[in-house]
Amino acid sequence: MDHFPPLIKISEDIYQLVVRYPFGMFEMNSFLFKGENGFTIVDTGSESKESIELWEKTVSSGMKIEKLVLTHAHPDHIGLAGWFQETHHVPVFISSLGYKEINNRRKNERPNWIHSFLKSHGSPEIHPNLGNSEAAAFEFEPDGLFENQQSIMLGNETYETIWTPGHSFDHFCFYNQNQQVMLTGDHVLAGLSPIVALWSEKDENPIKDNYASLEKLKAYSTKLALPGHGELIYDLNDRIEEMIKSHTFRLHQILDFVGESEKTSWQVCQEIYGALGFPKFFAPLMATIARLVYLEKSGEVQSEMKNGKWHYKSIKL
Ligand SMILES: [Zn+2]
């Protein structure tokens, strides 16, 4: 069978499925690679009634699925991995770093860590159940693991696995030399800069990682980039330059706001983004903290713990 209604045909053997659901980012791009043994699917979308219905409709039109490959262990990308395994007996592949992340999330220590982390950066109280609602996404055991710079088959084509920490420490992109296609997951998006933040005490300097991971992709000659959300990208290196510029702009902006007076991340965040309530301030605050951590590690600001809160000020040269 050659026709699957909800799929958008991108090239001879690559298809896109926009998986929609009524929360979070509201939609995610799955990519399907057609091969002799069936389709290889990359990323699933969040778990919801709507996304399951869409996949059922797609699969029930006679599609044979070879395997599922995951870019990184965020709930909107892995949400239906367990469902694919159980309902359609599809083997699931993720990086060993992604598997580690899944195991950490199952221990459910992260919400506690984030609460005290945000508090130490001056944040008001946040909702106690933050992060718990998506716990089910992590309840699956992968059938296979991959590492950095290995070959993985997506359909009939060989892709290189490229470790791109930043948006998440376990993030991978996939590159095919033959067709010059780069699957970028949440590392590079067309319309917005994916959040880069510290998500656990193991994350040290994600902004620095992210810069290096953006530079890494520029070495590949790419005609078409397939991002995890939004529009396809035909000028990947231009988009990467744009993202690097906007990160650098934000860092300068933060340096200006910090000045020589001592401020918490929360104060800096409010000055930049305005007075936001929960949950709206969560992502900007997490991003602001990551930027201040980066600026401190590059010797531009210094921090001091006062009354249980980190205070930053710029270092005058
Ligand atoms: Zn993500």
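How many residues lie between β10 and β11 in their hairpin, and which residue in the turn has a positive phi? Let's find out with the viewer open, keeping in mind that this is a predicted model.

**Stop 1: the hairpin**

Select residues 172-176 for strand β10, then add residues 181-185 for strand β11. The hairpin that β10 and β11 form has four residues between them. Click on Gln180 in the turn: its phi is positive, at about 55°.

Now look at how the hairpin is held in register. β10 and β11 run antiparallel and are joined by three bridges. To see examples, pick Asn176, whose bridge partner in β11 is Val181, and then Tyr175, which is matched with Met182 in β11.

**Stop 2: the other side of β10**

Next, select residues 157-163, which make up strand β9. β9 and β10 are also an antiparallel pair, with four bridges. Tyr175 turns up again here, as the bridge partner of Glu160.

**Stop 3: the faces of β10**

In a regular strand, side chains alternate between the two faces of the sheet. Show the side chains of β10 and look at each face in turn. Phe172, Phe174 and Asn176 are on one side, while Cys173 and Tyr175 are on the other, and all of them are buried. Because five of its five residues are buried, β10 is largely enclosed by the rest of the structure.

**Stop 4: the whole sheet**

Zoom out and add the remaining strands. The open sheet has five strands, in the order β8-β9-β10-β11-β12, and its pairing is mixed. Select 151-154 for β8 and 224-227 for β12: these stand at the edges with a single partner strand each, so one side of each has no neighbour in the sheet. Rotate the view to see the twist: on average, neighbouring strands here are turned by 30° against each other, direction ignored.

**Stop 5: two crossing helices**

Finally, select residues 236-258 for helix α7 and residues 282-297 for helix α9. The two pack at an angle of about 80°, and their axes are 10 Å apart. At that angle, α7 is roughly perpendicular to α9.

Which residues make the contact? From α7, show Arg250, Leu251, Ile254 and Leu255; from α9, show Thr288, Arg291, Leu292, Tyr294 and Leu295. Colour them by type and you will find six nonpolar, one polar and two charged residues in this contact.

Definitions and conventions: Residues are numbered from 1 along each chain as its sequence is written. This is a predicted model: local features need pLDDT of at least 70, side-chain atom pairs count only at pLDDT 80 or more; totals for chains, interfaces and linings use all residues. A residue is buried if 20 or more other C-beta atoms lie within 10 Å of its own, exposed if 12 or fewer, and partly exposed in between; C-beta atoms are placed from the backbone. Two strands pair if DSSP finds at least two bridges between them. Axes are lines fitted to C-alpha atoms, for helices over the stretch in contact, and angles run from 0 to 180 degrees between N-to-C directions. Angles under 35 degrees count as roughly parallel, over 145 as roughly antiparallel, 65 to 115 as roughly perpendicular and the rest as oblique. Two residues are in contact if their C-beta atoms, placed from the backbone, lie within 7 Å. Ala, Val, Leu, Ile, Met, Phe, Trp, Tyr, Cys and Pro count as nonpolar, Asp, Glu, Lys and Arg as charged, and the others, Gly among them, as polar.
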